[in-house]
Amino acid sequence: FRAAMIMLSIVSTPTETGYFGAPFRITEVLLLVPGLVVGAAFPIFARAARDDHERLGYGLDRVFQACTVLGGCLLVPLVLGAEFVIEVVAGDEFADSAPVLRIQALALMLAFLNSVVFYALLSIRRYRELLLLSGGALAISIALAAALGSASGADGAAVATVVAELCALLAGFIAVWRAAPSLVPSFGVIPRVGLAVALALAVLVLPGLSSVVAALLGTGLYLAVIRAVGAVPQEFLEAFPLTRRRPS
């Protein structure tokens, strides 16, 4: 994200750089969340990588599932409430930043998934692959931000971050599969979360809703759908007394 903003400042106007920078300040804070979530489980991953690959695979799969759900839980309100968020953070003069925030929200969700893949490689000590993935994603972000930023301004630079995150994710999955196929997380949660996100974003078709109401309504619908389709890890549900299953 930061590299894209720097390149945009070089190839585009200060106004477009400002339109990119306002939502970047928001995503910059939220990007800490996946690192905290997966980083908390990293000591368990590192120990399991040494002693029990079956346990490591199970842990990675559950954390990947949780991060996919959490990423969607941030994507929906950021997309639906982009106008309100930008108005609160940057003011009315940055209203044109709302579409940029929506695009960056997708890159943020991909960052959630990338964090699991990168920590998986770190756990099994694939440092060379990590360096190549990080360097490759940075190079893609810089190149695309220069090309798309000069053509489409802040929107183009935001698209560059999405493409860079997606390329890193695909390459990361390939790297994990080549190193240890049993550690590749299951993709079963992705279509379920995708369905929940699509239904939640359908709130946009309702006329007359403010961005705040749309965000609240869409987020509530998202949470209801992921609960109904079983996308939430059972271990997460059992951590809360109200959702624990009673013994038969």
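**Helix packing, core and selected residues**

L148 is partly exposed, with a relative accessible area of 28%. In this predicted model, L148 belongs to helix α7. Setting aside neighbours within four places in sequence, L148 is in contact with G153, G156, V159 and A160. Far from these partners in the chain, R47 is a useful reference point: L148 and R47 are separated by 101 residues in sequence and by 43 Å in space, C-alpha to C-alpha.

The helix that carries L148 leads naturally to a pair of packed helices. Helix α7, spanning residues 127–152, packs with helix α8, residues 154–179, at an angle of about 155°, and their axes lie 7 Å apart. Because angles over 145 degrees count as roughly antiparallel, α7 is roughly antiparallel to α8. The contact of α7 with α8 comprises, by class, 16 nonpolar, five polar and two charged residues. In passing α8, α7 makes a right-handed crossing.

Both of these helices also take part in covering α1. In helix α1, which runs over residues 2–11, the residues A3, A4, M5, M7 and L8 are buried. The cover over the buried residues of α1 includes α7 and α8, together with α2 (14–30).

A second helix pair is formed by α4 and α6. Helix α4 (residues 53–80) packs with helix α6 (residues 98–123) at an angle of about 170°, with 9 Å between their axes. This angle makes α4 roughly antiparallel to α6. On the α4 side, the contact is made by L60, V63, F64, C67, T68, L70, G71, G72, L74, L75, L78 and V79. The α6 side contributes L101, R102, A105, L106, L108, M109, F112, L113, S115, V116 and A120. Sorted by class, the residues of the contact of α4 with α6 are 18 nonpolar, four polar and one charged. Several of the spacings in such a list can be read with helix geometry in mind: an α-helix has 3.6 residues a turn, so residues three or four places apart point the same way.

What, then, is the size of the largest nonpolar core, and which residues have the most contacts inside it? The largest nonpolar core has 70 residues, and F20, L56, V193 and Y222 are those with the most contacts inside it. Helix α6 supplies the largest share of this core, with 14 residues. For Y222, residues up to four places away in sequence being left out, the residues touched are T68, V69, G72, C73, V76, V193, A196, V197 and A200. Among them is V193, itself one of the core residues with the most contacts.

Two loop residues complete the picture. F94 is placed in the loop between α5 (82–89) and α6, and is partly exposed, with a relative accessible area of 25%. Not counting residues up to four places away in sequence, F94 touches G18, Y19, A22 and I86. L183, by contrast, is 44 Å from F94 in space, C-alpha to C-alpha, and 89 residues from F94 in sequence. The other loop residue, R125, is found between α6 and α7. The phi of R125 is near 65°, a positive value in a residue other than glycine. Is R125 buried or exposed? With a relative accessible area of 63%, R125 is exposed.

Methods:
Residues are numbered from 1 along each chain as its sequence is written. This is a predicted model: local features need pLDDT of at least 70, side-chain atom pairs count only at pLDDT 80 or more; totals for chains, interfaces and linings use all residues. Side-chain values use heavy atoms; hydrogens and water are left out. Axes are lines fitted to C-alpha atoms, for helices over the stretch in contact, and angles run from 0 to 180 degrees between N-to-C directions. Helices (H or I, at least four residues) and strands (E, at least two) are DSSP runs, numbered from the N terminus. Angles under 35 degrees count as roughly parallel, over 145 as roughly antiparallel, 65 to 115 as roughly perpendicular and the rest as oblique. A crossing is left-handed if the near helix is turned anticlockwise from the far one by less than a right angle, and right-handed if clockwise. Ala, Val, Leu, Ile, Met, Phe, Trp, Tyr, Cys and Pro count as nonpolar, Asp, Glu, Lys and Arg as charged, and the others, Gly among them, as polar. Contact means heavy atoms within 4.5 Å. Buried means under 20% relative accessible area, exposed over 50%, partly exposed in between (1.4 Å probe, protein chains only). A nonpolar core is a set of buried Ala, Val, Leu, Ile, Met, Phe, Trp, Tyr and Cys residues joined through side-chain atoms within 4.5 Å.
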